[in-house]
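Me: Got a model to go through with you. Can you walk me through the chains and how they meet?

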Amino acid sequence: MTESQIRQIKFLSYVNWLVTEKFNGDQGIRDLNALKTVVSLPGNGTLSCVLGERLSNRKDLYAQLGWFVYYAIEGEPFNSKNRTTVLLVLLWVLKYYRLEFDADEIAGFIKSLDPLKHGNSDISLWFSSHCS
Amino acid sequence: MKRKIIRVGSSKGVLLPREVTKAMNWDFGAEIELTIDEEKRDVLLKTLKVSVPDEYEIDHLRQIEETMNDYADLLGGTDD
């Protein structure tokens with residue numbers, strides 16, 4: 001794993017810790033390999049948007065978000081509050097990149113997302129058409 | 001403020017008055033740092049400070065916490 005990926009894992013674990021403290025969930029990592037998958041994008045890519053790296057185009061951002069949402073929900077890396085962790089990271093990233101979005105709509109999407117029916121490409125597409 | 005050394009099992013302990021724990025915001029399980037100055041024969045109790053590693057921007061972590069508080073109602077029902 002790269003240094004950047006290790007930082008991303010620590011960051012996501014921090015976010016999960018925050019939400020489990022706030023909303024009374026079980027703390028801790030359930031599956032470290034699932035968490036590694038979340039930050040390991042194809043082609044030696046990393047989930048750099050969660051640490052605030054400025055990406056050169058939105059297509060890369062949507063691709064990262066699609067990957068992140070899919071593997072964080074499908075793999076359930078934490079003991080609890082996986083979807084809450086995903087939603088909080090998303091809200092911060094979208095605000096950071098100054099995209100227009102409807103928080104209720106995103107929350108509804110995350111709550112109802114079925115990873116057996118939607119892949120990371122579908123999720124990227126959803127973000128590209130709902131956050132501009 | 002005077003306190004007596006008391007027996008706690010086979011160890012020795014000192015009970016902290018409520019006014020101290022309240023002022024220091026020390027609850028059960030809170031970790032504190034104990035420093036001994038052998039020359040002065042003093043013992044100092046301090047809140048354990050946890051520092052954020054250098055590679056993390058504290059502003060970034062604060063923004064996440066602020067976002068969580070801003071959207072608490074929305075986030076609270078996500079995993080129900």
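Me: How many helices and strands does chain B have?

Reply: This is a predicted model. In it, chain B has 3 helices and 4 strands.

Me: What pattern do they follow along the sequence of chain B?

Reply: The pattern is β-β-α-β-β-α-α.

Me: What share of chain B counts as buried?

Reply: 8% of its 80 residues.

Me: Ok, contact next. How many residues does each chain put in?

Reply: Chain A puts in 22 residues and chain B 14. On the chain B side, helix H2 (58-70) and helix H3 (72-76) each give two or more residues.

Me: Which element gives the most on that side?

Reply: H2(B), with 7 residues.

Me: And how does the chain B side divide into nonpolar, polar and charged?

Reply: 6 nonpolar, 5 polar and 3 charged.

Me: At what angle do H1(A) and H2(B) pack?

Reply: About 35°, with the axes 11 Å apart. Here H1(A) is helix H1 (residues 3-23) of chain A.

Me: Left-handed or right-handed crossing?

Reply: The crossing of H1(A) and H2(B) is right-handed.

Me: Which residues meet there?

Reply: From H1(A), A:Tyr14, A:Val15, A:Leu18, A:Val19 and A:Lys22. From H2(B), B:Leu61, B:Ile64, B:Glu65 and B:Met68. That contact divides into 7 nonpolar, no polar and 2 charged residues.

Me: Switching to the core. How many residues are in the largest nonpolar one?

Reply: It has 41 residues. A:Leu87, A:Leu88 and A:Leu90 have the most contacts inside it. H2 of chain B supplies at least two residues of this core, as do several chain A helices, including H1 and helix H4 (82-96).

Me: Which helix gives the most to this core?

Reply: H3(A), with 11 residues.

Me: Back to A:Leu88. What does it touch, leaving out residues up to four places away in sequence?

Reply: In its own chain, A:Leu88 touches A:Val15 and A:Val19. In chain B, A:Leu88 touches B:Ile64, B:Thr67, B:Met68 and B:Leu75. Two of the chain A residues and two of the chain B ones come up again from the helix pair: A:Val15 and A:Val19 in H1(A), B:Ile64 and B:Met68 in H2(B).

Me: Last topic, the start of chain B. Where is B:Lys2?

Reply: In the segment before strand E1 (6-8) of chain B.

Me: Why does B:Lys2 count as exposed?

Reply: Because it has just 3 C-beta neighbours inside 10 Å, and the cut-off for exposed is 12 or fewer.

Me: How far apart in space are B:Lys2 and B:Gly77?

Reply: 49 Å, C-alpha to C-alpha. In sequence, B:Lys2 and B:Gly77 are 75 residues apart.

Terms used. Residues numbered from 1 in each chain as written. Chains lettered and ligands numbered in written order. Predicted model: local features only at pLDDT ≥ 70, side-chain atom pairs only at ≥ 80, totals over all residues. Contact = placed C-beta atoms within 7 Å. Nonpolar A, V, L, I, M, F, W, Y, C, P; charged D, E, K, R; others polar. Buried ≥ 20, exposed ≤ 12 C-beta atoms within 10 Å, placed from the backbone. Axes fitted to C-alpha atoms, helices over the stretch in contact; angles between N-to-C directions. Left-handed = near helix turned anticlockwise from the far one by under 90°. Core = buried A, V, L, I, M, F, W, Y, C linked by C-beta atoms within 7 Å.
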